[in-house]
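Colleague: I've just opened this one and would like to go through it with you. Shall we start with the overall layout?
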Amino acid sequence: MAPVIVQTTPFNDQKPGTSGLRKKVAVYSQPHYVANFVQSIFDVMDGIRGQTVVVGGDGRFYNAEAIQIIIRMAAANGIGRLLVGRGGILSTPAASNVIRKHKAFGGIILSASHNPGGPDGDFGIKYNTGNGGPAPERITDAIHRRTGEITEYRTVEAPDLDLDRLGETRLDGMAVEIIDPVADYADLMESLFDFGRIRAMFQGGFRMTFDALSAVTGPYATEILENRLGAPAGTVLNGTPLPDFGGHHPDPNPVHAHDLVAAMTGPNPPDFGAASDGDGDRNMIMGPNLFVTPSDSLAVLAANAHLAPGYSAGLKGIARSMPTSRAADRVAAKLGIPGFETPTGWKFFGNLLDAGMATLCGEESAGTGSDHVREKDGLWAVLLWLNVLAVRGEPIGRIMTGHWREYGRDYYTRHDYEDIDTATADALMADLRAALPTLPGKAFGDTSVEAADDFEYRDPVDGSVASRQGVRVILKDGSRVVYRLSGTGTGGATLRVYMERYEADPAGQDRDAQEALSGLIAIADRIAGIRSRTGREAPSVIT
Ligand code: VG1
Ligand code: CO
């Protein structure tokens, strides 16, 4: 089987966004589209020849086709050993773990994560480096440059590989091993958390619901929660991964995880509820009639992580993305450890984790994780919560209230305006940026703007700089509004507006977040002219 060289021409739209290259399935299924991008990865990653590479995805529509293309190309490009999740499945955190555990050179993860799947939905490809984390911008930029120059790619002529049979085969000099996608990951979780204690809690009648949204976490959650921890069968809802996610929108938020919300707000709700997204790296946490904002979840987990065996030595530092609320900073201050503020996207946490500067990381978008892998990790967050609940023996509602009484509460909300006209969104952001120097001192009702800027991050490890990461407006009382455009969408633009206000007074800590933030929400609209410019009366999604 000699390698075949295929002539091709560049596509002009292969620029990775916040997390990989995400496009509609119709775009991805054009001839050569996957191949051009994958060859660009191989071309740019010097030293990948002869090495181990990991491939797997969230099982969405087009996963199976793309994997076969990548397997043939890997053989033709001289990859030494390819580790493939059985059935083409690997959750994002599980892929990160496999890369680390097997000391792979890197991995290719097939997913559009929280974006909808199916023939009319989205597909995506992301490259992760040997630390198990998403490639940093200097690499994604290089891959993008390469996609603009490519003239040929290499593949071999070979039939599709059977991905359902575990074990090793060879393809043109390359070893291909089909691995169990769940086992290594479940073992890692067992090494971090007190499974005995969590099992005893379930035996004592503790009830939970986990909604896998018919995406990749089903097999992981069933193995860990039901098989290893003894939660009753049926604890995992929508547990079979389906190519179209069974019509579910695989974004775990109160709007899309409606089965979970119904279970947690109906009569006799379980003690704990959780959901994950398409590729298993996000988590949504609920208690009976209670939604825990991801920002609060990060803060509570940081304050309690020492209760889990994997973190009993304490944390080295806590990192959060800029739009994430400052609740975690208060915990870091109290613990006397550093707190870091990074741009949106998990790739910015990699250096801090590798350098041992941070142990826990989190994003307001339902991403939480630690130095156990280099991706955010949905089930990990659920298990850390379970470990905390098992040790503290208190209902989750009381843990939340107790946290606010001790640290104060950061009321928080994110308003998303999805699928707005790109030109309108760009103009809104450009005008906001232009207005930055005039904002300080400007009055809004009985408050005024204290400071305003466009967030720029200088990586403390390698000194790289990421600018234009979101407009921040801070008011006199410390309240904050952040505006940025999404980098993961595939249709039009999505404007994200993040708002938060700190409440130190216990008497004011138990209000509804939308109501407690109504004044700030109105100011955010006045500063940017959201309603008048977009013509939208309300956000598409509120979290
Ligand atoms: C969104 C979130 C960001 C997250 C990213 C990938 O990006 O805001 O926090 O890291 O999705 O998550 P953006 O650019 O659309 O705001 V996942 O679970 O889709 O990989
Ligand atoms: Co995801």
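Modeller: A word on terms before the layout: the domain bounds used here come from an automatic or database domain assignment. The model itself is predicted.

Colleague: OK, so which domains is the protein chain divided into?
Modeller: The protein chain splits into domain 1 (4-180), domain 2 (185-407) and domain 3 (409-542).

Colleague: And what about domain 1 and domain 3, how many residues are in contact there?
Modeller: On the domain 1 side 10 residues make contact with 5 residues of domain 3, and the elements giving two or more residues to that side of domain 1 are β2 (21-24) and α5 (137-147). The largest share, 3 residues, is from β2, and by class the domain 1 side has no nonpolar, 4 polar and 6 charged residues. The centres of these two domains, taken over C-alpha atoms, are 36 Å apart.

Colleague: Switching to the inside, which residues have the most contacts in the largest nonpolar core?
Modeller: Those are L82, A302 and L384, in a core of 123 residues. Helix α13 (residues 378-392) gives the most to this core, with 11 residues, and at least three residues come from each of domain 1 (4-180) and domain 2 (185-407).

Colleague: What is L82 in contact with, leaving aside its neighbours within four places in sequence?
Modeller: With that exclusion, L82 contacts V53, V55, I71, A74, M174 and V176. There is also a second, separate core of 27 residues, with Y412, F455, Y483 and I527 among them.

Colleague: Last thing, which residues come nearest to ligand 1?
Modeller: Of the 18 residues around ligand 1, the nearest are T18, S113, S486, G487 and T488, and the shell as a whole comprises 1 nonpolar, 12 polar and 5 charged residues.

Note on methods: Residues are numbered from 1 along each chain as its sequence is written. Chains are lettered from A and ligands numbered from 1 in the order in which they are written. This is a predicted model: local features need pLDDT of at least 70, side-chain atom pairs count only at pLDDT 80 or more; totals for chains, interfaces and linings use all residues. A residue is near a molecule or strand if its C-beta atom, placed from the backbone, lies within 6 Å of it. Ala, Val, Leu, Ile, Met, Phe, Trp, Tyr, Cys and Pro count as nonpolar, Asp, Glu, Lys and Arg as charged, and the others, Gly among them, as polar. A nonpolar core is a set of buried Ala, Val, Leu, Ile, Met, Phe, Trp, Tyr and Cys residues joined through C-beta atoms within 7 Å. A residue is buried if 20 or more other C-beta atoms lie within 10 Å of its own, exposed if 12 or fewer, and partly exposed in between; C-beta atoms are placed from the backbone. Helices (H or I, at least four residues) and strands (E, at least two) are DSSP runs, numbered from the N terminus. Two residues are in contact if their C-beta atoms, placed from the backbone, lie within 7 Å.
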